[in-house]
Number of protein chains: 2
Amino acid sequence: MGRAEMSGEDNLLRLVEAEEPDENGYHLQDQVGFILRKAHQRHVAIFASQIGDLTPPQFAALAKLHDIGETSQNQLGTLIAMDAATVKGVIDRLKARGLVELSKHEVDKRRLLVNLTAQGREAIERLIPLARAITEETLAPLSAKEAATFMRLLAKLA
Amino acid sequence: MGRAEMSGEDNLLRLVEAEEPDENGYHLQDQVGFILRKAHQRHVAIFASQIGDLTPPQFAALAKLHDIGETSQNQLGTLIAMDAATVKGVIDRLKARGLVELSKHEVDKRRLLVNLTAQGREAIERLIPLARAITEETLAPLSAKEAATFMRLLAKLA
DNA sequence: CAAAATTCATTCGTATGCAAATGATATCAA
DNA sequence: TTGATATCATTTGCATACGAATGAATTTTG
């Protein structure tokens, strides 16, 4: 596939000539996955700067429990998009800090019920305003209109 | 703050009445960070379904090395957005599989140079078409125009 | 030049994140 | 009812991801 055989569309030709023969111009920094990973990293960093003593997954668990009340560990995992193994670790750590408490389901003995403690409730209610600020700061590079568009499209991808 | 005191904008009133008094309507599933995390998860799953024997970070390292040639481990980390500790693990595993080789920088003895092996080069060149398919599948829920908009806005956030 | 500050790499500790295997319990179906 | 399935939780193993501490080498600066 020699370049000489290529008929002449100027921009394309210039583009091709600017690159190495074997490389058809794959640029990592233009790939969704790579940018998605970086955007997520940036968000996590912003989160950590505002809420230092809780991770985003831990916050998600508390926020969801605050929203819906007691549920099973598994159900909670589904709601906050974590598999069973991951959610267990998160809940274990929240339990160790006294933010959630566990109990057995009376009827279905397989289920482990998770609920906020008073301390957990106090914590999440205190943190929610900070979480709003985190969302705001994460979206700060975009105008209000851009942010709305972005959220709409991002939701379609997730 | 009784609801009765609220003057009547219909939509707002209905919205407020649908919620608990103390809860000002914080919904995890509407937060950028949460959706960003889910979108990233989905992408990683798509990646794994197309390229089973390499992770996205490992692929990123190979792709970048293919793009720019030999560099120091640290510099590579900067280019693919990984801190020093993370990049070391990734490179260690690629080395164990014979996809990259390491050498000492002649002048600056602190630096560890990383380069593709012949096998690594063969691998990345074989995988790049699959990576394009992964990008395509990740963006599949969006129209071409939406995808372009999304990429533009995402890049601003990352 | 010599001390101070930086840079590069490594190591340790902690926290996701997921696949796969396992055990206990529930539900479904023949 | 019992045998097959499915669900819930746990555990193990592996792979990011990052802060913090450390040591070696280089660069900056007084």
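This note goes through the DNA contacts, one helix pair, the salt bridges and two backbone angles in a predicted model.

1. Surroundings of DNA strand D. There are 23 residues around this strand. Those that come nearest are Gln73(A), Asn74(A), Arg110(A), Leu112(A) and Thr55(B). By class, the surface near DNA strand D holds 9 charged, 7 polar and 7 nonpolar residues.

2. Which part of DNA strand D meets the protein? Of the strand's atoms within 4 Å of the protein, 79% belong to sugar or phosphate. The rest belong to bases.

3. Phosphate contacts on DNA strand D. Thr55(B) places a polar side-chain atom 2.5 Å from a phosphate oxygen of this strand. Gln58(B) also uses its side chain: an N or O atom there is 3.0 Å from a phosphate oxygen. Lys109(B) works through its backbone instead, with an N or O atom 3.2 Å from a phosphate oxygen of DNA strand D.

4. Elements facing DNA strand D. Chain A contributes α2 (32-50), α4 (73-79) and α5 (84-96), and chain B contributes α3 (56-68) and α5 (84-96). Each of these helices supplies at least two residues of the surface near the strand. The largest share comes from α5(B), with 4 residues.

5. Surroundings of DNA strand C. This strand is surrounded by 23 residues. Thr55(A), Arg93(A), Gln73(B), Asn74(B) and Leu112(B) are the closest. Of the atoms of DNA strand C that come within 4 Å of the protein, 79% are sugar and phosphate. The nearby residues comprise 7 nonpolar, 7 polar and 9 charged.

6. Phosphate contacts on DNA strand C. Two backbone contacts come from chain A. A polar backbone atom of Val107(A) is 3.0 Å from a phosphate oxygen. For Lys109(A), a polar backbone atom is 2.7 Å from a phosphate oxygen. From chain B, Arg37(B) brings a polar side-chain atom to 2.9 Å from a phosphate oxygen of DNA strand C. The elements giving two or more residues to this surface are α3 and α5 of chain A, with α2 (32-50), α4 (73-79) and α5 of chain B. The largest share, 4 residues, is that of α5(A).

7. How do α3 and α6 of chain A cross? Two packed helices are described by the angle and the distance between their axes. The axes of α3 (residues 56-68) and α6 (residues 118-139) of chain A come within 10 Å and cross at roughly 110°. Angles of 65 to 115 degrees count as roughly perpendicular, so α3(A) is roughly perpendicular to α6(A). On the α3(A) side, the contact is made by Phe59(A), Leu62(A), Ala63(A) and His66(A). On the α6(A) side it is made by Arg121(A), Ile124(A), Glu125(A), Leu127(A), Ile128(A) and Ala131(A). The contact has 7 nonpolar residues, 1 polar and 2 charged.

8. Salt bridges. Side chains of opposite charge can pair when their charged atoms come close. The count over all chains is 14 salt bridges. One of them joins Asp53(A) to Arg97(A), with the closest N and O atoms 3.6 Å apart. This pair links distant parts of the chain, 44 residues apart. Asp53(A) sits in the loop between α2 and α3 of chain A. Arg97(A) sits in the loop between α5 and β2 (100-104) of chain A.

9. Which residue of chain A has a positive phi near 60°, though other than glycine? Ala81(A) does. Most residues other than glycine have a negative phi. Ala81(A) lies in the loop between α4 and α5 of chain A. In chain B, Ala81(B) also has a positive phi near 60°. Ala81(B) is in the loop between α4 and α5 of chain B.

Technical notes: Residues are numbered from 1 along each chain as its sequence is written. Chains are lettered from A and ligands numbered from 1 in the order in which they are written. This is a predicted model: local features need pLDDT of at least 70, side-chain atom pairs count only at pLDDT 80 or more; totals for chains, interfaces and linings use all residues. Side-chain values use heavy atoms; hydrogens and water are left out. A residue is near a molecule or strand if one of its heavy atoms lies within 4 Å of it. A polar contact is a pair of N or O atoms within 3.5 Å; within protein, one must be able to donate a hydrogen and the other to accept it, and residues adjacent in sequence count only if both atoms are side-chain atoms. Ala, Val, Leu, Ile, Met, Phe, Trp, Tyr, Cys and Pro count as nonpolar, Asp, Glu, Lys and Arg as charged, and the others, Gly among them, as polar. Axes are lines fitted to C-alpha atoms, for helices over the stretch in contact, and angles run from 0 to 180 degrees between N-to-C directions. Angles under 35 degrees count as roughly parallel, over 145 as roughly antiparallel, 65 to 115 as roughly perpendicular and the rest as oblique. Contact means heavy atoms within 4.5 Å. A salt bridge is a side-chain nitrogen of Lys or Arg within 4 Å of a carboxyl oxygen of Asp or Glu.
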